[in-house]
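New notebook page. I want to get to know this chain by looking things up one at a time.

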Amino acid sequence: MPEKIKFFDLVAKKPFETDKYEIIIKETKRGKFKFARAKSPYTGKVFYKILGKA
């Protein structure tokens, strides 16, 4: 079971913690980074958290 990660809903201005997230790797100008992507329980919008370099 994945560990819980804290995210922040910018629209509702509230933090939330979930273990229902998806790990994705994106390539940026500064290299490849690992992100966690989760849907907010408050607004239903998707928010990201940077986990580090991939």
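Before I start, one term: a strand here is a DSSP run of E with at least two residues, and strands are numbered from the N terminus. I also remind myself that this is a predicted model.

**Entry 1: the overall picture**

I began with a count of the elements. The protein chain has five strands and zero helices. Reading from the N terminus, I get β-β-β-β-β. I looked up the extent too: the C-alpha trace spans about 30 × 25 × 15 Å along its principal axes. Of the 54 residues in the protein chain, 24% are buried. I then checked contacts with a separation of 6 or more, and 27% of them link residues 24 or more positions apart.

**Entry 2: β1 and its partner**

I moved on to β1, which covers residues 5–9. In a regular strand, side chains alternate between the two faces of the sheet. I looked for that pattern along β1 and found it: I5, F7 and D9 point to one face and are buried, while K6 and F8 point to the other and are not.

How many bridges join β1 to β2? I find five, and the two strands run antiparallel. One pair I noted is F8, whose bridge partner in β2 is P15.

**Entry 3: the turn at K13**

Four residues sit between the strands in the hairpin of β1 and β2. K13 belongs to this loop, which leads from β1 to β2 (14–18). Its phi caught my eye. Most residues other than glycine have a negative phi. K13 is not a glycine, and still its phi is positive, about 60 degrees. Is K13 buried or exposed? I read 66% relative accessibility for K13, so it counts as exposed; the cut-off for that is over 50%.

**Entry 4: D9, a buried charge**

D9 lies in strand β1, and I wanted to know what surrounds it. What is the nearest side chain of opposite charge to D9? I find K45, 8.2 Å away, and D9 has no salt bridge although it is buried. A salt bridge would need a side-chain nitrogen within 4 Å of a carboxyl oxygen.

I then looked for polar partners. The side chains of D9 and T43 are joined by a polar contact of 2.9 Å. A polar atom of the D9 side chain also lies 2.9 Å from the backbone nitrogen of V11. Leaving out residues up to four places away in sequence, I listed what D9 touches: K14, F16, S40, Y42, T43 and F47.

**Entry 5: the sheet of three**

Next I looked up the order of the open sheet of three strands. It reads β3-β4-β5, with antiparallel pairing. β3 (22–28) and β5 (46–53) each have a single partner strand, so they stand at the edges and one side of each is left without a neighbour in the sheet. On average, neighbouring strands of this sheet are turned by 35 degrees against each other, direction ignored.

I then followed β4 (residues 31–39) against β5: seven bridges, in the antiparallel sense. F35 stands opposite I50 in β5, and K34 has G52 as its bridge partner there. The hairpin of β4 and β5 has six residues between the strands, and in the turn G44 has a positive phi of about 80 degrees.

**Entry 6: A38 and K26**

I picked two residues from this sheet. A38 is in strand β4. Its relative accessibility is 3%, so A38 counts as buried. Not counting residues up to four places away in sequence, A38 touches F7, F16, T18, K20, Y21, K45, V46 and F47. I also checked A38 against Y48: they are ten residues apart in sequence, and their C-alpha atoms are 6.6 Å apart.

K26 is in strand β3. I find a relative accessible area of 38% for K26, which means it is partly exposed. With the same sequence neighbours left out, K26 touches G31, K32, F33, F35 and Y48. Last, I looked up K26 and A54, which are 28 residues apart in sequence and 8.7 Å apart in space, C-alpha to C-alpha.

Methods:
Residues are numbered from 1 along each chain as its sequence is written. This is a predicted model: local features need pLDDT of at least 70, side-chain atom pairs count only at pLDDT 80 or more; totals for chains, interfaces and linings use all residues. Side-chain values use heavy atoms; hydrogens and water are left out. Buried means under 20% relative accessible area, exposed over 50%, partly exposed in between (1.4 Å probe, protein chains only). Lys and Arg count as positive and Asp and Glu as negative; His and the chain ends are not counted. A polar contact is a pair of N or O atoms within 3.5 Å; within protein, one must be able to donate a hydrogen and the other to accept it, and residues adjacent in sequence count only if both atoms are side-chain atoms. Contact means heavy atoms within 4.5 Å. Two strands pair if DSSP finds at least two bridges between them. Axes are lines fitted to C-alpha atoms, for helices over the stretch in contact, and angles run from 0 to 180 degrees between N-to-C directions.
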